[in-house]
Amino acid sequence: MLTTLVTLAAVGLMQQTDTTFPVRAGARLEVNNFGGEIAIKTWSKNAVRIAASHSSRDHISIDASDQVVRIKSQGRRGPSQLVEYDITVPTTMALALSGVYTDISVEGAQGEITAETVEGAVKVSGGAGTVSLKSVQGEVTLEKARGRIDLSSVNEAITAKDISGDLSVETVNGDITLTQIESANTEANTVNGTIVYDGTTKDGGRYRFSTHDGDLRVSVPEKANVSVSVSTFDGDFSSCFPVQLSHKTKHRFDFTIGSGSARLELESFNGDIKICRPGAVMRDSDKNWHKEKDRDEDHDPEDP
Amino acid sequence: MKDRWTDRLSEYLDGELAPNERIALEAHFSECGACRQTLDELRRVVARAQALDDRPPTTDLWPGIARQVGVGAVVSLGARRAQRRLSFTVPQLAAAAVAVALLSGGGAAWLLGRRGTVAAAPSTTAGGSPAPSVANVTDYAGDARYAAQVADLERALERGRGRLDTATVHVIEKNLGIINRAIRDAQSALAADPANAYLNLHLAREMRRKLELLRQAATLAGARS
(Lines give C-alpha, C1' and ligand atoms only; values in the text may rest on other atoms or scores of the structure.)
Protein backbone atom coordinates (compact mmCIF):
# COMPACT_ATOMS: atom_id res chain seq x y z
CA MET A 1 0.00 0.00 0.00
CA LEU A 2 2.72 2.46 1.01
CA THR A 3 4.77 1.47 -2.01
CA THR A 4 1.86 2.27 -4.28
CA LEU A 5 1.33 5.65 -2.68
CA VAL A 6 5.00 6.50 -2.97
CA THR A 7 4.98 5.44 -6.60
CA LEU A 8 1.92 7.55 -7.34
CA ALA A 9 3.48 10.53 -5.61
CA ALA A 10 6.70 10.07 -7.53
CA VAL A 11 4.96 10.31 -10.87
CA GLY A 12 2.97 13.30 -9.75
CA LEU A 13 -0.38 11.57 -9.55
CA MET A 14 -0.96 12.05 -5.84
CA GLN A 15 -3.51 14.55 -4.73
CA GLN A 16 -4.27 15.94 -1.29
CA THR A 17 -7.74 16.77 -0.11
CA ASP A 18 -7.94 18.78 3.09
CA THR A 19 -11.12 20.38 4.30
CA THR A 20 -12.69 21.33 7.62
CA PHE A 21 -16.35 22.04 8.24
CA PRO A 22 -18.63 22.42 11.27
CA VAL A 23 -20.92 19.62 12.41
CA ARG A 24 -23.81 19.53 14.82
CA ALA A 25 -23.54 17.71 18.11
CA GLY A 26 -24.94 14.22 17.70
CA ALA A 27 -24.03 13.94 14.04
CA ARG A 28 -22.63 10.65 12.83
CA LEU A 29 -19.64 10.03 10.58
CA GLU A 30 -19.74 7.35 7.91
CA VAL A 31 -16.62 6.56 5.95
CA ASN A 32 -16.31 3.92 3.27
CA ASN A 33 -12.90 3.32 1.80
CA PHE A 34 -12.34 0.42 -0.58
CA GLY A 35 -8.59 0.28 0.04
CA GLY A 36 -6.02 2.16 2.07
CA GLU A 37 -6.48 3.51 5.55
CA ILE A 38 -9.00 5.28 7.72
CA ALA A 39 -7.34 6.96 10.71
CA ILE A 40 -9.60 8.81 13.10
CA LYS A 41 -8.45 11.23 15.77
CA THR A 42 -10.53 13.46 18.01
CA TRP A 43 -10.56 17.04 19.16
CA SER A 44 -12.80 19.27 21.26
CA LYS A 45 -14.13 21.32 18.31
CA ASN A 46 -17.57 20.79 16.79
CA ALA A 47 -15.99 20.31 13.40
CA VAL A 48 -14.68 17.58 11.17
CA ARG A 49 -11.38 17.82 9.36
CA ILE A 50 -10.80 15.47 6.47
CA ALA A 51 -7.32 15.08 5.08
CA ALA A 52 -6.95 12.50 2.35
CA SER A 53 -4.11 11.37 0.15
CA HIS A 54 -5.35 9.79 -3.03
CA SER A 55 -4.77 9.40 -6.72
CA SER A 56 -5.74 12.36 -8.86
CA ARG A 57 -7.98 9.94 -10.73
CA ASP A 58 -10.10 9.45 -7.64
CA HIS A 59 -12.70 11.77 -6.28
CA ILE A 60 -13.47 12.19 -2.59
CA SER A 61 -17.16 12.71 -1.96
CA ILE A 62 -18.31 14.43 1.22
CA ASP A 63 -22.01 14.56 1.89
CA ALA A 64 -22.77 16.42 5.11
CA SER A 65 -26.16 16.95 6.70
CA ASP A 66 -27.20 17.77 10.24
CA GLN A 67 -27.35 14.11 11.18
CA VAL A 68 -24.75 12.38 9.03
CA VAL A 69 -21.46 13.12 7.38
CA ARG A 70 -20.79 10.59 4.62
CA ILE A 71 -17.38 10.25 3.06
CA LYS A 72 -16.50 7.96 0.22
CA SER A 73 -14.14 7.84 -2.70
CA GLN A 74 -14.85 6.92 -6.26
CA GLY A 75 -12.56 6.19 -9.19
CA ARG A 76 -13.34 7.18 -12.73
CA ARG A 77 -14.11 3.59 -13.49
CA GLY A 78 -15.32 1.69 -10.47
CA PRO A 79 -13.77 1.66 -7.02
CA SER A 80 -11.10 4.16 -6.14
CA GLN A 81 -7.47 3.25 -5.73
CA LEU A 82 -5.86 3.48 -2.34
CA VAL A 83 -6.98 6.39 -0.23
CA GLU A 84 -5.39 7.37 3.06
CA TYR A 85 -7.83 9.24 5.24
CA ASP A 86 -6.69 11.20 8.26
CA ILE A 87 -9.88 12.46 9.86
CA THR A 88 -10.37 14.48 13.01
CA VAL A 89 -13.80 14.49 14.64
CA PRO A 90 -15.54 15.69 17.81
CA THR A 91 -14.82 13.34 20.67
CA THR A 92 -18.38 12.05 21.04
CA MET A 93 -19.18 11.68 17.35
CA ALA A 94 -20.54 8.27 16.41
CA LEU A 95 -18.42 6.51 13.82
CA ALA A 96 -19.31 3.98 11.12
CA LEU A 97 -16.18 2.99 9.25
CA SER A 98 -15.94 0.37 6.55
CA GLY A 99 -13.64 -0.88 3.86
CA VAL A 100 -12.31 -3.92 2.07
CA TYR A 101 -8.53 -3.63 1.78
CA THR A 102 -8.47 -1.12 4.57
CA ASP A 103 -6.71 -0.60 7.87
CA ILE A 104 -8.86 1.23 10.38
CA SER A 105 -7.67 3.04 13.49
CA VAL A 106 -9.47 5.24 15.99
CA GLU A 107 -7.86 7.20 18.80
CA GLY A 108 -9.71 8.83 21.65
CA ALA A 109 -13.32 8.54 20.49
CA GLN A 110 -16.05 8.51 23.13
CA GLY A 111 -19.07 7.65 21.00
CA GLU A 112 -20.43 4.54 19.31
CA ILE A 113 -18.08 2.89 16.86
CA THR A 114 -18.70 0.41 14.10
CA ALA A 115 -15.69 -0.64 12.06
CA GLU A 116 -15.62 -3.40 9.46
CA THR A 117 -12.95 -4.42 7.02
CA VAL A 118 -11.92 -7.56 5.16
CA GLU A 119 -8.18 -7.40 4.63
CA GLY A 120 -6.92 -5.03 7.25
CA ALA A 121 -6.40 -4.45 10.92
CA VAL A 122 -8.81 -2.64 13.18
CA LYS A 123 -7.25 -0.81 16.11
CA VAL A 124 -9.38 1.33 18.37
CA SER A 125 -8.69 3.24 21.55
CA GLY A 126 -11.90 4.53 23.09
CA GLY A 127 -15.56 4.08 22.32
CA ALA A 128 -18.74 4.07 24.36
CA GLY A 129 -22.15 2.50 23.90
CA THR A 130 -22.15 0.00 21.08
CA VAL A 131 -18.65 -0.77 19.86
CA SER A 132 -18.47 -3.32 17.06
CA LEU A 133 -15.16 -4.10 15.38
CA LYS A 134 -14.83 -6.73 12.66
CA SER A 135 -12.20 -7.96 10.28
CA VAL A 136 -11.72 -11.13 8.30
CA GLN A 137 -7.97 -11.09 7.79
CA GLY A 138 -6.78 -8.56 10.26
CA GLU A 139 -6.08 -8.24 13.93
CA VAL A 140 -8.73 -6.56 16.00
CA THR A 141 -7.52 -4.51 18.95
CA LEU A 142 -9.59 -2.47 21.35
CA GLU A 143 -8.73 -0.60 24.51
CA LYS A 144 -10.37 1.90 26.84
CA ALA A 145 -13.92 1.24 25.72
CA ARG A 146 -17.15 0.86 27.67
CA GLY A 147 -20.57 -0.42 26.70
CA ARG A 148 -21.67 -3.35 24.57
CA ILE A 149 -18.55 -4.59 22.86
CA ASP A 150 -18.57 -6.97 19.92
CA LEU A 151 -15.24 -8.01 18.43
CA SER A 152 -14.73 -10.50 15.65
CA SER A 153 -12.11 -11.71 13.25
CA VAL A 154 -11.70 -14.89 11.26
CA ASN A 155 -8.02 -15.45 10.70
CA GLU A 156 -6.32 -13.24 13.26
CA ALA A 157 -6.02 -12.53 16.95
CA ILE A 158 -8.24 -10.29 19.00
CA THR A 159 -6.99 -8.21 21.89
CA ALA A 160 -9.06 -6.13 24.30
CA LYS A 161 -7.69 -4.19 27.22
CA ASP A 162 -9.19 -1.88 29.80
CA ILE A 163 -12.78 -2.59 28.84
CA SER A 164 -15.95 -2.03 30.85
CA GLY A 165 -19.24 -3.61 29.82
CA ASP A 166 -20.68 -6.62 28.03
CA LEU A 167 -18.11 -8.28 25.85
CA SER A 168 -18.56 -10.72 22.98
CA VAL A 169 -15.42 -11.90 21.16
CA GLU A 170 -15.11 -14.43 18.38
CA THR A 171 -12.47 -15.58 15.93
CA VAL A 172 -11.72 -18.87 14.19
CA ASN A 173 -7.96 -18.97 13.86
CA GLY A 174 -6.43 -16.69 16.42
CA ASP A 175 -5.72 -16.04 20.05
CA ILE A 176 -8.00 -13.96 22.22
CA THR A 177 -6.47 -11.83 24.95
CA LEU A 178 -8.75 -9.93 27.31
CA THR A 179 -7.09 -7.99 30.10
CA GLN A 180 -8.26 -5.39 32.60
CA ILE A 181 -11.85 -6.31 31.89
CA GLU A 182 -14.68 -5.01 34.06
CA SER A 183 -17.65 -7.05 32.96
CA ALA A 184 -20.63 -9.00 34.21
CA ASN A 185 -21.17 -10.66 30.85
CA THR A 186 -18.31 -11.89 28.73
CA GLU A 187 -18.16 -14.55 26.07
CA ALA A 188 -15.12 -15.45 23.98
CA ASN A 189 -14.80 -18.21 21.39
CA THR A 190 -12.11 -19.37 19.04
CA VAL A 191 -11.45 -22.66 17.27
CA ASN A 192 -7.69 -22.59 16.97
CA GLY A 193 -6.25 -20.33 19.59
CA THR A 194 -5.54 -19.58 23.20
CA ILE A 195 -7.89 -17.49 25.30
CA VAL A 196 -6.68 -15.33 28.16
CA TYR A 197 -9.12 -13.54 30.41
CA ASP A 198 -7.85 -11.31 33.17
CA GLY A 199 -10.72 -9.39 34.64
CA THR A 200 -13.56 -9.25 37.10
CA THR A 201 -15.92 -12.00 38.11
CA LYS A 202 -18.98 -10.11 39.28
CA ASP A 203 -21.73 -11.56 41.42
CA GLY A 204 -24.52 -12.80 39.19
CA GLY A 205 -22.34 -12.40 36.12
CA ARG A 206 -21.99 -14.86 33.27
CA TYR A 207 -18.71 -15.74 31.64
CA ARG A 208 -18.07 -18.28 28.93
CA PHE A 209 -14.77 -19.10 27.25
CA SER A 210 -14.49 -21.78 24.63
CA THR A 211 -11.79 -23.02 22.28
CA HIS A 212 -11.21 -26.22 20.37
CA ASP A 213 -7.45 -26.25 19.91
CA GLY A 214 -5.89 -24.02 22.49
CA ASP A 215 -5.49 -23.32 26.14
CA LEU A 216 -7.64 -21.25 28.44
CA ARG A 217 -6.08 -18.99 31.07
CA VAL A 218 -8.72 -17.35 33.18
CA SER A 219 -8.47 -15.19 36.25
CA VAL A 220 -10.70 -15.72 39.25
CA PRO A 221 -10.39 -13.15 42.04
CA GLU A 222 -9.79 -14.49 45.51
CA LYS A 223 -13.12 -13.26 46.84
CA ALA A 224 -15.22 -14.17 43.83
CA ASN A 225 -18.58 -15.89 44.20
CA VAL A 226 -18.67 -18.12 41.20
CA SER A 227 -19.83 -21.54 40.05
CA VAL A 228 -17.30 -22.88 37.62
CA SER A 229 -17.99 -25.52 34.99
CA VAL A 230 -14.96 -27.05 33.27
CA SER A 231 -15.19 -29.19 30.14
CA THR A 232 -12.31 -30.65 28.21
CA PHE A 233 -11.95 -33.73 26.06
CA ASP A 234 -8.21 -34.05 25.82
CA GLY A 235 -6.75 -31.42 28.08
CA ASP A 236 -5.76 -30.90 31.66
CA PHE A 237 -7.11 -28.60 34.31
CA SER A 238 -5.01 -26.81 36.85
CA SER A 239 -5.54 -24.07 39.35
CA CYS A 240 -3.13 -21.73 41.09
CA PHE A 241 -5.17 -22.22 44.26
CA PRO A 242 -6.96 -25.22 45.75
CA VAL A 243 -10.48 -25.98 44.58
CA GLN A 244 -12.92 -28.69 45.58
CA LEU A 245 -14.16 -30.48 42.46
CA SER A 246 -17.70 -31.82 42.31
CA HIS A 247 -19.98 -33.62 39.87
CA LYS A 248 -16.97 -35.01 38.15
CA THR A 249 -17.66 -36.93 34.97
CA LYS A 250 -15.38 -38.14 32.25
CA HIS A 251 -14.99 -34.82 30.48
CA ARG A 252 -16.58 -32.37 32.83
CA PHE A 253 -16.69 -31.19 36.42
CA ASP A 254 -17.78 -28.28 38.54
CA PHE A 255 -16.57 -26.38 41.53
CA THR A 256 -17.84 -23.45 43.48
CA ILE A 257 -16.03 -20.52 45.00
CA GLY A 258 -17.84 -18.43 47.60
CA SER A 259 -21.61 -18.28 47.15
CA GLY A 260 -21.36 -19.30 43.50
CA SER A 261 -23.69 -16.61 42.21
CA ALA A 262 -21.73 -15.95 39.02
CA ARG A 263 -21.41 -18.58 36.30
CA LEU A 264 -18.11 -19.33 34.60
CA GLU A 265 -17.98 -21.90 31.81
CA LEU A 266 -14.61 -23.04 30.56
CA GLU A 267 -14.38 -25.35 27.56
CA SER A 268 -11.38 -26.53 25.60
CA PHE A 269 -11.60 -29.67 23.52
CA ASN A 270 -7.88 -30.22 23.06
CA GLY A 271 -6.25 -27.68 25.32
CA ASP A 272 -5.42 -27.15 28.94
CA ILE A 273 -7.48 -25.00 31.24
CA LYS A 274 -5.90 -23.01 34.02
CA ILE A 275 -7.32 -20.57 36.49
CA CYS A 276 -5.25 -18.17 38.54
CA ARG A 277 -5.61 -14.99 40.50
CA PRO A 278 -5.85 -11.75 38.49
CA GLY A 279 -2.44 -10.68 37.27
CA ALA A 280 -0.95 -14.13 37.52
CA VAL A 281 -2.89 -15.28 34.45
CA MET A 282 -1.19 -12.83 32.15
CA ARG A 283 2.26 -13.56 33.51
CA ASP A 284 1.62 -17.26 33.08
CA SER A 285 0.26 -16.94 29.57
CA ASP A 286 3.19 -14.86 28.39
CA LYS A 287 5.42 -17.86 28.85
CA ASN A 288 3.19 -20.17 26.85
CA TRP A 289 2.06 -17.75 24.23
CA HIS A 290 5.14 -17.97 22.08
CA LYS A 291 5.04 -21.71 22.01
CA GLU A 292 1.50 -21.57 20.66
CA LYS A 293 2.41 -18.99 18.06
CA ASP A 294 5.43 -20.94 16.89
CA ARG A 295 3.46 -24.13 16.64
CA ASP A 296 0.52 -22.71 14.74
CA GLU A 297 2.14 -20.14 12.54
CA ASP A 298 0.44 -20.42 9.16
CA HIS A 299 -0.23 -24.08 9.76
CA ASP A 300 -2.90 -25.47 7.54
CA PRO A 301 -4.81 -28.12 9.50
CA GLU A 302 -6.01 -29.73 6.32
CA ASP A 303 -2.47 -30.58 5.33
CA PRO A 304 -1.64 -34.23 5.98
CA MET B 1 -25.61 -37.65 37.78
CA LYS B 2 -29.38 -37.86 38.07
CA ASP B 3 -31.56 -37.04 41.03
CA ARG B 4 -35.26 -36.70 41.61
CA TRP B 5 -35.32 -33.22 40.12
CA THR B 6 -33.57 -34.02 36.88
CA ASP B 7 -36.75 -34.99 35.09
CA ARG B 8 -38.60 -31.96 36.44
CA LEU B 9 -36.25 -29.36 34.97
CA SER B 10 -38.24 -29.02 31.78
CA GLU B 11 -41.38 -28.28 33.79
CA TYR B 12 -39.40 -25.73 35.77
CA LEU B 13 -38.24 -24.06 32.57
CA ASP B 14 -41.82 -23.95 31.33
CA GLY B 15 -43.10 -22.51 34.61
CA GLU B 16 -45.26 -25.54 35.19
CA LEU B 17 -44.05 -26.52 38.63
CA ALA B 18 -46.27 -25.87 41.61
CA PRO B 19 -45.02 -22.92 43.69
CA ASN B 20 -43.82 -25.13 46.53
CA GLU B 21 -41.98 -27.39 44.08
CA ARG B 22 -40.43 -24.40 42.36
CA ILE B 23 -39.15 -23.06 45.65
CA ALA B 24 -37.80 -26.46 46.63
CA LEU B 25 -36.05 -26.86 43.29
CA GLU B 26 -34.52 -23.40 43.46
CA ALA B 27 -33.19 -24.23 46.89
CA HIS B 28 -31.87 -27.47 45.45
CA PHE B 29 -29.98 -25.55 42.76
CA SER B 30 -27.79 -23.90 45.37
CA GLU B 31 -26.39 -27.28 46.34
CA CYS B 32 -26.61 -29.22 43.08
CA GLY B 33 -24.19 -28.10 40.41
CA ALA B 34 -25.27 -30.92 38.11
CA CYS B 35 -28.85 -29.65 38.08
CA ARG B 36 -27.72 -26.10 37.41
CA GLN B 37 -25.55 -27.31 34.62
CA THR B 38 -28.30 -29.42 33.11
CA LEU B 39 -30.70 -26.49 33.39
CA ASP B 40 -28.25 -24.26 31.55
CA GLU B 41 -27.94 -26.82 28.80
CA LEU B 42 -31.69 -27.15 28.52
CA ARG B 43 -32.02 -23.39 28.29
CA ARG B 44 -29.51 -23.31 25.49
CA VAL B 45 -31.27 -26.06 23.58
CA VAL B 46 -34.63 -24.37 24.00
CA ALA B 47 -33.17 -21.04 22.94
CA ARG B 48 -31.67 -22.65 19.89
CA ALA B 49 -34.89 -24.42 19.04
CA GLN B 50 -36.80 -21.17 19.41
CA ALA B 51 -34.28 -19.40 17.20
CA LEU B 52 -34.97 -21.75 14.31
CA ASP B 53 -36.92 -20.13 11.54
CA ASP B 54 -40.56 -20.99 12.23
CA ARG B 55 -41.94 -20.19 8.82
CA PRO B 56 -45.73 -20.40 8.55
CA PRO B 57 -47.25 -22.44 5.73
CA THR B 58 -48.34 -20.45 2.73
CA THR B 59 -51.89 -21.77 3.16
CA ASP B 60 -53.74 -22.51 6.38
CA LEU B 61 -55.57 -25.76 5.58
CA TRP B 62 -57.34 -26.04 8.89
CA PRO B 63 -60.42 -23.91 8.16
CA GLY B 64 -61.29 -26.08 5.17
CA ILE B 65 -60.72 -29.28 7.09
CA ALA B 66 -62.82 -27.96 9.96
CA ARG B 67 -65.68 -27.23 7.60
CA GLN B 68 -65.43 -30.75 6.12
CA VAL B 69 -65.51 -32.46 9.51
CA GLY B 70 -68.14 -30.17 10.89
CA VAL B 71 -66.13 -28.49 13.61
CA GLY B 72 -67.99 -25.38 14.72
CA ALA B 73 -65.43 -22.97 16.03
CA VAL B 74 -62.40 -22.53 13.85
CA VAL B 75 -59.24 -21.60 15.71
CA SER B 76 -56.79 -19.78 13.51
CA LEU B 77 -53.38 -21.30 12.99
CA GLY B 78 -51.82 -18.03 14.02
CA ALA B 79 -53.56 -18.14 17.37
CA ARG B 80 -52.54 -21.74 17.85
CA ARG B 81 -48.99 -20.85 17.00
CA ALA B 82 -48.99 -18.00 19.49
CA GLN B 83 -50.25 -20.31 22.21
CA ARG B 84 -47.77 -23.04 21.47
CA ARG B 85 -45.12 -23.63 24.10
CA LEU B 86 -41.94 -25.56 23.97
CA SER B 87 -42.04 -28.30 26.54
CA PHE B 88 -39.65 -31.23 26.53
CA THR B 89 -38.43 -33.93 28.80
CA VAL B 90 -34.71 -34.14 29.46
CA PRO B 91 -34.18 -37.04 27.03
CA GLN B 92 -36.16 -35.15 24.41
CA LEU B 93 -34.01 -32.08 24.93
CA ALA B 94 -30.86 -34.13 24.72
CA ALA B 95 -32.16 -35.59 21.49
CA ALA B 96 -32.99 -32.09 20.29
CA ALA B 97 -29.44 -31.00 20.96
CA VAL B 98 -28.17 -33.88 18.85
CA ALA B 99 -30.76 -33.12 16.19
CA VAL B 100 -29.65 -29.52 16.01
CA ALA B 101 -26.10 -30.73 15.71
CA LEU B 102 -26.95 -33.23 13.02
CA LEU B 103 -29.09 -30.70 11.22
CA SER B 104 -26.20 -28.28 11.11
CA GLY B 105 -23.82 -31.09 10.31
CA GLY B 106 -25.93 -32.27 7.45
CA GLY B 107 -25.93 -28.82 5.99
CA ALA B 108 -22.26 -28.45 6.50
CA ALA B 109 -21.62 -31.81 4.92
CA TRP B 110 -23.91 -30.82 2.10
CA LEU B 111 -22.00 -27.65 1.59
CA LEU B 112 -18.69 -29.38 1.79
CA GLY B 113 -19.47 -32.41 -0.24
CA ARG B 114 -20.30 -30.65 -3.51
CA ARG B 115 -16.74 -29.60 -3.96
CA GLY B 116 -16.31 -31.71 -7.05
CA THR B 117 -19.41 -30.56 -8.86
CA VAL B 118 -18.60 -26.88 -8.96
CA ALA B 119 -14.96 -27.46 -9.67
CA ALA B 120 -15.99 -28.40 -13.19
CA ALA B 121 -16.88 -24.79 -13.92
CA PRO B 122 -14.30 -22.65 -12.19
CA SER B 123 -14.92 -18.95 -12.07
CA THR B 124 -12.14 -16.55 -12.74
CA THR B 125 -10.74 -13.60 -10.92
CA ALA B 126 -10.30 -10.19 -12.47
CA GLY B 127 -6.83 -11.25 -13.47
CA GLY B 128 -8.15 -14.22 -15.36
CA SER B 129 -6.81 -16.90 -13.08
CA PRO B 130 -9.18 -19.52 -11.72
CA ALA B 131 -10.70 -18.59 -8.39
CA PRO B 132 -10.40 -21.31 -5.77
CA SER B 133 -13.71 -22.80 -4.74
CA VAL B 134 -15.01 -21.73 -1.38
CA ALA B 135 -17.66 -24.34 -0.80
CA ASN B 136 -19.22 -27.11 -2.76
CA VAL B 137 -22.25 -29.23 -2.33
CA THR B 138 -23.59 -32.74 -2.85
CA ASP B 139 -27.12 -33.99 -2.63
CA TYR B 140 -28.57 -33.66 0.80
CA ALA B 141 -31.84 -35.29 1.60
CA GLY B 142 -32.30 -33.68 4.99
CA ASP B 143 -34.63 -31.02 6.27
CA ALA B 144 -36.15 -29.15 3.36
CA ARG B 145 -36.25 -25.76 4.99
CA TYR B 146 -32.68 -25.98 6.10
CA ALA B 147 -31.64 -27.30 2.72
CA ALA B 148 -33.37 -24.34 1.10
CA GLN B 149 -31.50 -21.92 3.33
CA VAL B 150 -28.23 -23.62 2.55
CA ALA B 151 -29.05 -23.67 -1.15
CA ASP B 152 -29.68 -19.91 -1.05
CA LEU B 153 -26.37 -19.42 0.67
CA GLU B 154 -24.54 -21.64 -1.74
CA ARG B 155 -26.04 -19.92 -4.76
CA ALA B 156 -25.10 -16.51 -3.38
CA LEU B 157 -21.60 -17.72 -2.79
CA GLU B 158 -21.36 -19.23 -6.23
CA ARG B 159 -22.56 -16.03 -7.85
CA GLY B 160 -20.00 -13.92 -6.05
CA ARG B 161 -17.12 -16.33 -5.69
CA GLY B 162 -15.19 -14.96 -8.63
CA ARG B 163 -15.35 -11.48 -7.15
CA LEU B 164 -13.56 -12.50 -3.98
CA ASP B 165 -9.89 -11.78 -3.73
CA THR B 166 -7.74 -14.91 -3.98
CA ALA B 167 -6.21 -14.23 -0.59
CA THR B 168 -9.65 -13.91 0.96
CA VAL B 169 -10.75 -17.16 -0.60
CA HIS B 170 -7.61 -18.84 0.74
CA VAL B 171 -8.31 -17.52 4.22
CA ILE B 172 -11.91 -18.68 4.13
CA GLU B 173 -10.89 -22.13 2.91
CA LYS B 174 -8.18 -22.35 5.53
CA ASN B 175 -10.60 -21.45 8.30
CA LEU B 176 -13.28 -23.77 6.99
CA GLY B 177 -10.59 -26.44 7.19
CA ILE B 178 -9.91 -25.54 10.80
CA ILE B 179 -13.58 -25.79 11.65
CA ASN B 180 -13.86 -29.05 9.70
CA ARG B 181 -11.12 -30.51 11.82
CA ALA B 182 -12.91 -29.42 14.97
CA ILE B 183 -16.11 -31.01 13.70
CA ARG B 184 -14.34 -34.25 12.89
CA ASP B 185 -12.72 -34.29 16.32
CA ALA B 186 -16.05 -33.77 18.01
CA GLN B 187 -17.72 -36.43 15.89
CA SER B 188 -15.01 -38.95 16.69
CA ALA B 189 -15.30 -38.19 20.38
CA LEU B 190 -19.06 -38.48 20.22
CA ALA B 191 -18.85 -41.85 18.53
CA ALA B 192 -17.23 -43.15 21.69
CA ASP B 193 -19.45 -41.20 24.06
CA PRO B 194 -22.73 -40.38 22.32
CA ALA B 195 -24.58 -39.13 25.38
CA ASN B 196 -21.96 -36.62 26.39
CA ALA B 197 -23.70 -33.26 26.67
CA TYR B 198 -20.50 -31.22 26.28
CA LEU B 199 -19.49 -33.04 23.12
CA ASN B 200 -22.96 -32.66 21.64
CA LEU B 201 -23.01 -28.95 22.32
CA HIS B 202 -19.45 -28.55 21.11
CA LEU B 203 -20.25 -30.28 17.83
CA ALA B 204 -23.39 -28.21 17.37
CA ARG B 205 -21.47 -25.00 17.98
CA GLU B 206 -18.71 -25.86 15.53
CA MET B 207 -21.19 -26.81 12.85
CA ARG B 208 -23.14 -23.62 13.36
CA ARG B 209 -19.89 -21.69 13.23
CA LYS B 210 -19.12 -23.24 9.90
CA LEU B 211 -22.44 -22.17 8.46
CA GLU B 212 -21.87 -18.68 9.82
CA LEU B 213 -18.50 -18.50 8.10
CA LEU B 214 -19.99 -19.69 4.83
CA ARG B 215 -22.74 -17.13 5.22
CA GLN B 216 -20.17 -14.44 5.90
CA ALA B 217 -18.22 -15.49 2.81
CA ALA B 218 -21.35 -15.38 0.69
CA THR B 219 -22.15 -11.94 2.02
CA LEU B 220 -18.66 -10.73 1.24
CA ALA B 221 -18.87 -12.09 -2.26
CA GLY B 222 -22.21 -10.39 -2.75
CA ALA B 223 -21.02 -7.12 -1.28
CA ARG B 224 -18.37 -6.79 -3.93
CA SER B 225 -20.73 -7.22 -6.84
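**Exercise 1.** Determine whether strand β1 of chain A, residues 14–22, lies in the open or is covered.

*Solution.* The model under study is predicted. Step one is to apply the cut-off: a residue is buried if 20 or more other C-beta atoms lie within 10 Å of its own. Step two is to count along the strand: of the nine residues of β1(A), the number buried is zero, so β1(A) lies largely in the open.

**Exercise 2.** Identify the sense in which β1(A) and strand β3 of chain A pair, and name the residue of β3(A) that is bridged to A:Q16.

*Solution.* First, the two strands are located: β3(A) covers residues 47–55, and its pairing with β1(A) is antiparallel. Next, the bridges between β1(A) and β3(A) are counted, which gives nine. Finally, A:Q16 is followed across to β3(A), where its bridge partner is A:S53.

**Exercise 3.** Establish how many residues of strand β7 of chain A are buried, and describe the pairing of β7(A) with strands β2, β8 and β9 of chain A.

*Solution.* Begin with burial. Strand β7(A) spans residues 94–109, and twelve of its 16 residues are buried, which leaves the strand mostly covered.

Then take the partners in turn.

- Strand β2(A), residues 28–43, runs parallel to β7(A), and twelve bridges join the two. Here A:G35 is found opposite A:Y101 of β7(A).
- Strand β8(A), residues 113–117, pairs with β7(A) in the parallel sense through four bridges. A:T114 of β8(A) stands opposite A:A96.
- Strand β9(A), residues 122–126, is also parallel to β7(A), with five bridges. A:V122 in β9(A) is the bridge partner of A:I104.

**Exercise 4.** Describe the make-up of chain B in terms of helices, strands, burial and contacts.

*Solution.* Counting the elements gives ten helices and zero strands in chain B. Read from the N terminus, every element in the order is therefore written α. Chain B has 225 residues, of which 30% count as buried. Of the contacts in chain B between residues at least 6 apart in sequence, 71% join residues at least 24 apart.

**Exercise 5.** Characterise the side of chain B that touches chain A by its size, its elements and its residue classes.

*Solution.* The count comes first: 27 residues of chain B are in contact with 27 residues of chain A. The elements follow: α3 (33–51), α9 (166–192) and α10 (197–223) of chain B each supply at least two residues of this side. The largest share, 13 residues, is contributed by α9(B). Sorted by class, this side of chain B holds 13 nonpolar, seven polar and seven charged residues.

Conventions. Residues numbered from 1 in each chain as written. Chains lettered and ligands numbered in written order. Predicted model: local features only at pLDDT ≥ 70, side-chain atom pairs only at ≥ 80, totals over all residues. Contact = placed C-beta atoms within 7 Å. Nonpolar A, V, L, I, M, F, W, Y, C, P; charged D, E, K, R; others polar. Pairing = 2+ DSSP bridges.
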